[in-house]
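Trainee: I have a model open and want to test some labels against numbers. Can we go through them?

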Amino acid sequence: MRLRTLSYITLWVTRFEESKELYRDTLGLPVAEDNPGFIMFQTEGSRLAFHKLPKAPPLTRLSVELHFEVRDVDETFEALRKKGVKFEEKPANRPWGTRMASFLDPEGYRVELVGPLKPGEPIKGD
């Protein structure tokens, strides 16, 4: 037996409408399916779904990170910052060989933008 492809990930959220707006309107992910209480986004290679959860305590620890690969982290960072995204970490070259910036979505899941290192900038540790 060999598991071949992770086709999609589903996250359960209590802040469904806010999450939907962030991923659809602010991040611009294409919608593959949209029903009351469920939305699925299509990205290159996989899909990301959100199910509405009527009630749950807020997240008190990081449980999931979403990594979106982009061609230019700094350009994407500036575009999203102008749309009101509040970043926790500004773009920086990281020791694992990528440039990265991150923010928390409405539910508290960490979203990272990752891309190629920026030449001439130092590596920032974690």
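**Labels and their reasons**

Mentor: Start with one contact. The side chains of glutamate 112 and histidine 67 are joined by a polar contact of 3.1 Å. Keep in mind that this model is predicted.

Trainee: Why is the link between glutamate 112 and histidine 67 called a polar contact?

Mentor: The two side chains are 3.1 Å apart in this contact. The cut-off is 3.5 Å, so the pair qualifies.

Trainee: How do you know that glutamate 112 has no salt bridge?

Mentor: Its nearest side chain of opposite charge is arginine 110, 4.5 Å away. A salt bridge needs 4 Å or less, so this pair does not count. Glutamate 112 is buried all the same. Its place is in strand E8, residues 110-115.

Trainee: What makes strand E6 largely enclosed?

Mentor: Strand E6 covers residues 87-93, and 5 of its 7 residues are buried. Buried means under 20% relative accessible area. That is why the rest of the structure largely encloses E6.

Trainee: How do you know that E6 and strand E7 pair?

Mentor: Pairing takes at least two bridges. E6 and E7 have 4, so they pair, and they run antiparallel. Alanine 92 stands opposite methionine 100 in E7. The two strands form a hairpin with 5 residues between them. In the turn, glycine 97 has a positive phi of about 95 degrees.

Trainee: Which residues have the most contacts inside the largest nonpolar core?

Mentor: Among them are Tyr23, Leu48 and Phe103, in a core of 23 residues. Strands E7 and E8 and helix H1 are among the elements that each supply at least two residues of this core.

Technical notes. Residues numbered from 1 in each chain as written. Predicted model: local features only at pLDDT ≥ 70, side-chain atom pairs only at ≥ 80, totals over all residues. Heavy atoms only, no water. Buried < 20%, exposed > 50% of the residue type's maximum accessible area, 1.4 Å probe, protein only. Lys, Arg positive; Asp, Glu negative; His and termini not counted. Polar contact = N/O pair within 3.5 Å; in protein donor to acceptor, adjacent residues only side chain to side chain. Core = buried A, V, L, I, M, F, W, Y, C linked by side-chain atoms within 4.5 Å.
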